[in-house]
Amino acid sequence: MNSEIRRLGLDASFAAAGNEDQAVSVLCPICHDYMEDAKEVDCEGRHVFCGPCIKNVSDREKPCPFCRGRFSKMERPHALMRTLIEQIKWKCVNFEGGCSFTGTKKQLEKHLDDDCEIQEVKCPFIGCPKKMQRAPLEAHKNSCPYRLVACGHCDEQVCFNSKQTHNKSCPKFPVPCPNKCGKKVLREAVSDHLQKECAEELVDCRVSGCGESVKRKMMEQHEDGNMKKHVKLLHAEVEKMEIFQTEIDKLQSELDKQQEQTKTLHTELDKMKADVDTLKAQSQSRQLQSFSSSTRDILDVFVRLPDFETRSAGMQKGHGQYLESTSFLFQVRDCEGALSLVYRSPDPAWYSPSLM
Ligand SMILES: [Zn+2]
Ligand SMILES: [Zn+2]
Ligand SMILES: [Zn+2]
Ligand SMILES: [Zn+2]
Ligand SMILES: [Zn+2]
Ligand SMILES: [Zn+2]
Ligand SMILES: [Zn+2]
């Protein structure tokens with residue numbers, strides 16, 4: 001509550017017409033101002049004071065400042081008393097200056113803040129120390145050196161008395177070209193102006209190898225006066241480019257050749273693969289042939305089993321006759337050799353080496 005208390009220095013002389021008698025009873029006996037955050041103490045007279053004023057007394061353990069009686073409690077006053085304090089009407093604190101306003105303490109505060117023509121008000125512009133009555137302040141605000149004004153070049157609002165300073169750094173402020181070409185350009189566009197259009201700016205001759213820098217406005221003259229030199233330089237440039245082109249062509253043809261070689265190698269590789277396939281096929285067919293030729297080496301051979309012959313002859317057939325045995329299949333190694341051995345022998349028989 002204490003922080004909201006606003007002292008206006010009211011006394012009985014500020015009571016509005018008809019409120020004079022009650023006004024006395026709502027003034028604090030300690031500070032003699034309007035009673036703020038009123039508190040009633042439990043002395044015999046139950047006297048009422050501003051909250052902060054009586055708290056100060058209570059903290060120092062002093063008696064009631066009005067009747068010197070002891071008190072131990074501070075309470076909100078009776079509702080009737082509270083209403084009286086709140087509702088009593090006052091004249092404007094500037095009534096002597098001619099303000100005719102009357103109202104409660106709350107209304108008076110608002111009147112002083114917003115309306116009272118005679119109330120002294122601080123100039124609202126940052127930095128301005130002026131304090132004056134509301135009416136002349138309105139006029140002052142229009143000429144206050146601290147008032148905000150539009151820059152006029154950029155979008156910023158600037159303090160009137162620092163506009164000059166602002167202009168020295170405002171990006172949109174027109175400044176004369178630093179080369180003194182006679183043009184005025186926005187501060188932020190100076191480097192663009194120099195790079196692209198300033199007649200007084202030194203620029204490099206565009207002819208490669210010329211190496212001269214002249215003012216932009218003199219470039220045409222430079223080009224006219226250096227035609228021979230420029231043609232020579234351009235010619236050299238063209239030659240250089242031709243050599244370069246030849247180099248490129250050479251490299252290209254080498255590349256083509258290499259690609260051709262790669263192609264040939266691929267073809268050869270394919271051929272070799274095909275050869276390998278053919279060889280594989282041939283080798284397979286040869287194996288097949290050698291197999292079939294080896295089948296030709298198989299002979300039908302009659303085998304004599306003397307014991308079997310003797311016994312069967314005695315049992316079934318006449319003496320001296322041969323009994324044909326079942327035919328057996330033999331595979332003979334070195335068939336030709338074996339055959340020649342058989343054919344050369346008077347007795348056409350061939351005996352295998354003994355297995356035993
Ligand atoms: Zn007081
Ligand atoms: Zn008292
Ligand atoms: Zn007023
Ligand atoms: Zn001002
Ligand atoms: Zn500006
Ligand atoms: Zn310029
Ligand atoms: Zn040049």
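The legends below describe close-up views of a predicted model.

**View 1. The zinc ion (ligand 1) and its four cysteine donors, Cys28, Cys31, Cys50 and Cys53.**
Each residue contributes its SG atom, and the donors lie 2.1 to 2.5 Å from the zinc ion (ligand 1). The four donor atoms subtend angles of 97 to 121°, which makes the arrangement tetrahedral. Along the sequence, the donor residues follow the spacing C-x2-C-x18-C-x2-C. Cysteine 31 is placed in the loop between helix H1 (20-25) and E1, and cysteine 50 in the loop between E2 and H2, so the pair ties together parts that are 19 residues apart in sequence. The two cysteines of this pair can also be described by their accessibility. Cysteine 31 counts as partly exposed, at 28% relative accessibility, whereas cysteine 50 counts as buried, at 0%.

**View 2. The zinc ion (ligand 2), coordinated by Cys43, His47, Cys64 and Cys67.**
The cysteines bind through SG and His47 through ND1, at 2.0 to 2.5 Å. Angles of 101 to 118° among the four donor atoms give a tetrahedral site. In sequence the donor residues of the zinc ion (ligand 2) are arranged as C-x3-H-x16-C-x2-C. Histidine 47 belongs to the loop between E1 and E2, and cysteine 67 to the loop between H2 and E3; the pair therefore ties together parts that are 20 residues apart in sequence. Histidine 47 has a relative accessibility of 17% and counts as buried, because the limit for a buried residue is under 20%. Cysteine 67, at 33%, counts as partly exposed.

**View 3. The open sheet formed by three strands in the order E2-E1-E3.**
The pairing in this sheet is antiparallel. Strand E2 (48-49) and strand E3 (74-75) are the edge strands, and each of them pairs on one side only. Strand E1 (residues 39-41) pairs with E2 in the antiparallel sense over two bridges. The bridge partner of glutamate 40 is valine 48, in E2. As general background, strands of a sheet pair through backbone hydrogen bonds.

**View 4. The largest nonpolar core, with 31 residues.**
The members that touch the most other members are Leu10, Met35, Phe71, Ile85, Trp90 and Leu108. Two or more residues of this core come from each of E2, helix H2 (51-59), helix H3 (79-87) and helix H4 (105-114). H2 gives the most to this core, with three residues. In soluble globular proteins, nonpolar side chains tend to be buried together.

**View 5. The zinc ion (ligand 5) and its protein donors Cys151, Cys154, His166 and Cys170.**
The donor atoms are SG of the cysteines and NE2 of His166, and they lie 2.0 to 2.3 Å from the zinc ion (ligand 5). The four donor atoms subtend angles of 105 to 113°, which makes the arrangement tetrahedral. The donors follow the spacing C-x2-C-x11-H-x3-C along the chain. Distant parts of the chain are linked by the pair of cysteine 151, in the loop between strand E8 (148-150) and strand E9 (157-159), and histidine 166, in helix H6 (residues 163-167); the two are 15 residues apart. Cysteine 151 is buried, with a relative accessible area of 3%. Histidine 166 is also buried, with a relative accessible area of 11%.

**View 6. Cysteine 159, a residue in no disulfide.**
The structure holds zero disulfides. For cysteine 159, the nearest cysteine sulfur is that of cysteine 144, 7.4 Å away. A disulfide requires the two sulfur atoms to be within 2.5 Å. Cysteine 159 counts as buried, at 18% relative accessibility. Another cysteine, cysteine 177, is buried with a relative accessible area of 4%.

**View 7. Histidine 193 in helix H7 (residues 190-196).**
Histidine 193 is buried, with a relative accessible area of 3%. A polar contact of 2.8 Å joins its side chain to that of glutamate 197.

Note on methods: Residues numbered from 1 in each chain as written. Chains lettered and ligands numbered in written order. Predicted model: local features only at pLDDT ≥ 70, side-chain atom pairs only at ≥ 80, totals over all residues. Heavy atoms only, no water. Donors = N, O, S within 2.8 Å, 3.2 Å for Na, K, Ca; no water. Tetrahedral: all angles 85-135°; square planar, octahedral: opposite > 155°, others 65-115°. Helix = DSSP H or I, 4+ residues; strand = E, 2+ residues; numbered from the N terminus. Buried < 20%, exposed > 50% of the residue type's maximum accessible area, 1.4 Å probe, protein only. Pairing = 2+ DSSP bridges. Core = buried A, V, L, I, M, F, W, Y, C linked by side-chain atoms within 4.5 Å. Polar contact = N/O pair within 3.5 Å; in protein donor to acceptor, adjacent residues only side chain to side chain.
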